[in-house]
Amino acid sequence: MRPDRLPVFAASALALMASAVAVVAYVAPIDADQGFSQKIFYFHVPVALTSYALFGWGAWKALRHLWKRDERADLESYVAIHLGVIFGLTTLLTGSIWAKISWGRWWVWSSDQLVLFLVLFLFYSAYFMLRFSVEPGPRRANLSAVYALFGVALIPVSFLAIRLSKDIIHPVVFKSSGPDMSGKMFLAFCVSWAAMLALAGTLYHVELAGKRLDQRLKELREVLAS
Amino acid sequence: MTYLADVGALARKDLTLELRARDTLPAMLLFVLSILVVFHFVLPPESSDLAAKGLLWVGILFTALLGLTRAFAAEREDDAIDGLILATRDRSAIWLGKALAVFVFLALAELVALPAFALFFTDIGGGTIAGVVLADVGLCAVGTLLAAMATASRARELLLPLIFLPLAIPIVVGGVGASVGSHPATYAGFLALYDAIFALLAWASFDYVLTE
């Protein structure tokens, strides 16, 4: 993205966030079963889905690095995974709050998605341990890329494992027969998800621009020093 | 067939080294027996056999980890890995040879550990044995690739458990399910699926781990 477009993109993300809050607060009906507390759903699930999208994007960039030798892909993959971990941590926090309100406990092992995010959080935290204990260079880029690819394979496999390991009490909102939501609820959900994706996109480009600037500065310093 | 010849030669090299130096397998054996004794004192006297069967998987996981930590020790010295990279036609042969050697060590350690477990705690059934074999394949396939990654980093021994354990969680789920679940075949199938996916991924990506 060209740097002059970033403010426009950021402004639209902000506008989407504001309208998401408004739609969730005023348009979406109060849930008959869970009452007001169900509204955290409109943040919890979009954040979780955005986190998956970021991990997927990171793996895609990792594949680009290994396959096409795209030089910029390593940094892009790292930034996507970095943001994915931040969104994943937010998923854990909002999920924990929701669990406390619905089930009376801060942590429940019976919630598939929460356990999956805990596993993914551990896995991708180790990504940083790996990345920062290898000297910067092509070797590090390769190791990070392979690890990121293992991550996208781990997501469905872990999900299956967690499903197998327990009985299910987590509310399953998306079924094969379509979403189990009223039209207004679905609208609120979609606006909120779009807002989260826009926010993630903005953060991604901001962090990427910063990191590229850092890299450029380092190169210039080396030129000056030599 | 040259590929398989490479793999065979590499695995044989590791086994010969172990036969002469004996520095990994005795450590794994001693470790797994020690950990079984620890389990006896961890479990409260009235706890069920199911808890012991679950703990067995902790023992297997950490024994595998111990073996994997040492897996590339010989290659690290004097940068012997560079020689291997030059000598093999396809670098994934290095992964397969090493994974086979680690598998043999782990299977030998379990050949002692499982009877010891049956002696100390409770009988083990066919489900557990099938689960152990399938889990070993996955542990060695993924673990060998991650051990090669960890060898390239500064942290090495510290890093391997951190990157290995999250990836091994599905194996533990499958293994424990095969040991104590009411449908062992489902879990065995899951383990086979895990093995297939991650072995393929590790085989395809090992080249990138070794080279720049």
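This is a short walk through a predicted model with a chain A and a chain B.

Let's start with confidence. The model scores ipTM 0.90 and pTM 0.89. For chain B, the mean pLDDT is 91. There, 99% of residues reach 70 or more.

Now chain A. How many helices and strands does chain A have? The count is 6 helices and 2 strands. Follow the sequence and you read α-α-α-α-α-β-β-α. So much for the order; next, the dimensions. Along the principal axes, the C-alpha atoms of chain A fill a box of roughly 70 × 40 × 30 Å. Chain A has 226 residues, and 38% of them count as buried. Look at contacts within chain A, between residues at least 6 apart in sequence. Of these, 76% join residues at least 24 apart.

Pick out one helix, α3 of chain A. It covers residues 73-103, which is 31 residues. Here is a quick check you can do yourself. What span should we expect for α3(A) at 1.5 Å a residue? The expected span is 45 Å, because 1.5 Å is multiplied by one less than the number of residues. In the model, the end C-alpha atoms of α3(A) are 42 Å apart, which agrees. What follows this helix? G104(A) does, and its phi is positive, near 80°.

Next, the place where the chains meet. On chain A, 25 residues are in contact with 26 residues of chain B. Which elements of chain A give two or more residues to that side? They are α4, residues 112-131, and α5, residues 138-164. The largest share comes from α5(A), with 15 residues. What kinds of residue are on this side of chain A? There are 20 nonpolar, 4 polar and 1 charged.

Last stop, the largest nonpolar core. It holds 128 residues. Which of them touch the most other members? Those are M149(B) and I163(B). Helix α7 of chain B, residues 126-152, gives the largest share of this core, 15 residues. As background, nonpolar side chains tend to be buried together in soluble globular proteins.

Stay with I163(B) for a moment. Leave out residues up to four places away in sequence. Then I163(B) touches A126(A) and L130(A) on chain A. On chain B, I163(B) touches L146(B), M149(B) and A150(B). Find I163(B) in the structure and trace those contacts yourself.

How values were computed:
Residues numbered from 1 in each chain as written. Chains lettered and ligands numbered in written order. Contact = placed C-beta atoms within 7 Å. Helix = DSSP H or I, 4+ residues; strand = E, 2+ residues; numbered from the N terminus. Nonpolar A, V, L, I, M, F, W, Y, C, P; charged D, E, K, R; others polar. pLDDT = per-residue confidence, 0-100. Buried ≥ 20, exposed ≤ 12 C-beta atoms within 10 Å, placed from the backbone. Core = buried A, V, L, I, M, F, W, Y, C linked by C-beta atoms within 7 Å.
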